[in-house]
Amino acid sequence: METWKDVVGYESLYEVSDHGQIRSVKTGRLKKFTNDRQKRRPFVGLWRNNKIRVIYPHKAVLEAFIGPRPQGMEACHNNGDSFDNRLENLRWDTPRNNQLDRIKHGTSNRGERCAAAKLTEAQVRAILADTRLQRIIAAEYGVLQNTISRIKSGKRWGHIA
């Protein structure tokens with residue numbers, strides 16, 4: 001059975017369910033989510049006082065059913081699916097634990113998954129094994145010597161062993 005509570009800050013205007021749905025109190029119609037392409041998660045625009053504001057359903061569910069966000073905490077998805085906004089899949093947790101979840105679920109954008117990455121994992125492994133001068137390696141791969149230094153010291157690409 002789906003349980004509904006007022007969206008915090010939008011009392012008597014919108015309600016959120018423990019299944020992650022948001023509806024208008026006036027019409028009873030469900031709000032359709034839009035996908036945030038950059039952050040890869042759904043959002044919805046809610047109106048109040050002739051102004052629209054972006055609301056993320058995972059935050060709305062947690063605020064309505066668990067309580068306000070504790071200082072320094074983030075909304076975390078237990079199964080790594082940012083589109084699964086059921087109450088049982090959500091929790092408040094630290095940014096560090098949220099990042100560890102991303103790594104565990106394979107949704108982290110580190111390494112080759114990062115849009116700004118200029119090297120592949122195979123190239124990084126070759127760089128780590130290379131004993132030549134860093135400036136020579138850097139010239140070969142078309143990156144700065146500082147990049148090679150950071151790879152060798154584990155400050156960059158540290159997850160590659």
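**The loop between S5 and S6**

Select Asn50 to begin: this residue is exposed, because its relative accessible area is 76%, and exposed means over 50%. The structure on the screen is a predicted model. Asn50 lies in the loop between strands S5 and S6. Its phi is positive, about 60°, although Asn50 is not a glycine.

Next, select Asn49, which is placed in the loop between S5 and S6 as well. Asn49 counts as exposed, with a relative accessibility of 68%. Its phi is also positive, at about 55°, and Asn49 is not a glycine either. Why do these angles deserve attention? Most residues other than glycine have a negative phi.

**Tyr56 and the residues around it**

Now select Tyr56 together with Phe43. What kind of aromatic pair do the rings of Phe43 and Tyr56 form? To place the answer in context, note that a search of the whole structure finds 2 aromatic pairs. The other pair is made by Tyr10 and Tyr14: their ring centres are 6.0 Å apart and their planes stand at 70°, so this pair is edge-to-face. The rings of Phe43 and Tyr56 have centres 6.4 Å apart and planes at 65°, so they too are edge-to-face. Phe43 belongs to strand S5 (residues 41-48), whereas Tyr56 is in the loop between strand S6 (51-55) and H1, so the pair ties together parts that are 13 residues apart in sequence.

Is Tyr56 buried or exposed? Tyr56 is buried, because its relative accessible area is 13% and buried means under 20%.

Keep Tyr56 selected and add Arg41. The charged end of Arg41 sits over the ring of Tyr56, 4.2 Å from the centre of that ring.

Add Asp36 to the selection, a residue of strand S4 (residues 34-36). Asp36 is buried, with a relative accessible area of 15%. The side chains of Asp36 and Tyr56 are joined by a polar contact of 3.2 Å. When neighbours within four places in sequence are left aside, Asp36 is in contact with Arg41, Phe43 and Tyr56.

**Helix H1**

From Tyr56, move on to helix H1, which covers residues 57-65. How many of the 9 residues of H1 are buried? The count is 7, and the helix is mostly covered. The buried residues in H1 are Pro57, His58, Ala60, Val61, Leu62, Ala64 and Phe65. Select Gly67, just after H1: this residue takes a positive phi of about 135°.

**Ser82**

The next stop is Ser82, in the loop between strand S7 (74-77) and strand S8 (90-93). Ser82 is buried, with a relative accessible area of 18%. Which residues does Ser82 contact, leaving aside neighbours within four places in sequence? They are Arg40, Arg41, Pro42 and His77. Arg41 has already appeared on this tour, with its charged end over the ring of Tyr56.

**Tyr10, Tyr14 and Trp4**

Select Tyr10 while Ser82 is still highlighted. From C-alpha to C-alpha, Ser82 and Tyr10 are 23 Å apart in space, and they are 72 residues apart in sequence. Tyr10 counts as buried, at 1% relative accessibility. Add Tyr14, the partner of Tyr10 in the edge-to-face pair. Tyr14 counts as buried at 9% relative accessibility.

Then select Trp4 and Arg23. Arg23 lies over the face of Trp4, at 3.9 Å from the ring centre.

**Helices H3 and H5**

For the last stop, select helix H3 (residues 121-129) and helix H5 (residues 145-153). How do H3 and H5 lie relative to each other: roughly parallel or roughly perpendicular? Their axes are 10 Å apart and the helices pack at an angle of about 80°. H3 and H5 are therefore roughly perpendicular to each other, because angles of 65 to 115 degrees count as such.

Show the side chains where the helices meet. Val124, Ile127 and Leu128 in H3 meet Ile148, Ile151 and Lys152 in H5. One general point helps in reading such a list: an α-helix has 3.6 residues a turn, so residues three or four places apart point the same way.

Finish with Leu128, which is found in H3. Leu128 is partly exposed, with a relative accessible area of 31%. Apart from neighbours within four places in sequence, Leu128 is in contact with Ile151, Lys152 and Ile160. Leu128 and Ser149 are 21 residues apart in sequence and 9.9 Å apart in space, C-alpha to C-alpha.

Definitions and conventions: Residues numbered from 1 in each chain as written. Heavy atoms only, no water. Buried < 20%, exposed > 50% of the residue type's maximum accessible area, 1.4 Å probe, protein only. Helix = DSSP H or I, 4+ residues; strand = E, 2+ residues; numbered from the N terminus. Phe/Tyr/Trp six-rings, centres within 6.5 Å; stacked < 30°, edge-to-face > 60°. Lys NZ or Arg CZ within 6 Å of the ring centre and 35° of its normal. Polar contact = N/O pair within 3.5 Å; in protein donor to acceptor, adjacent residues only side chain to side chain. Contact = heavy atoms within 4.5 Å. Axes fitted to C-alpha atoms, helices over the stretch in contact; angles between N-to-C directions. Parallel < 35°, antiparallel > 145°, perpendicular 65-115°, else oblique.
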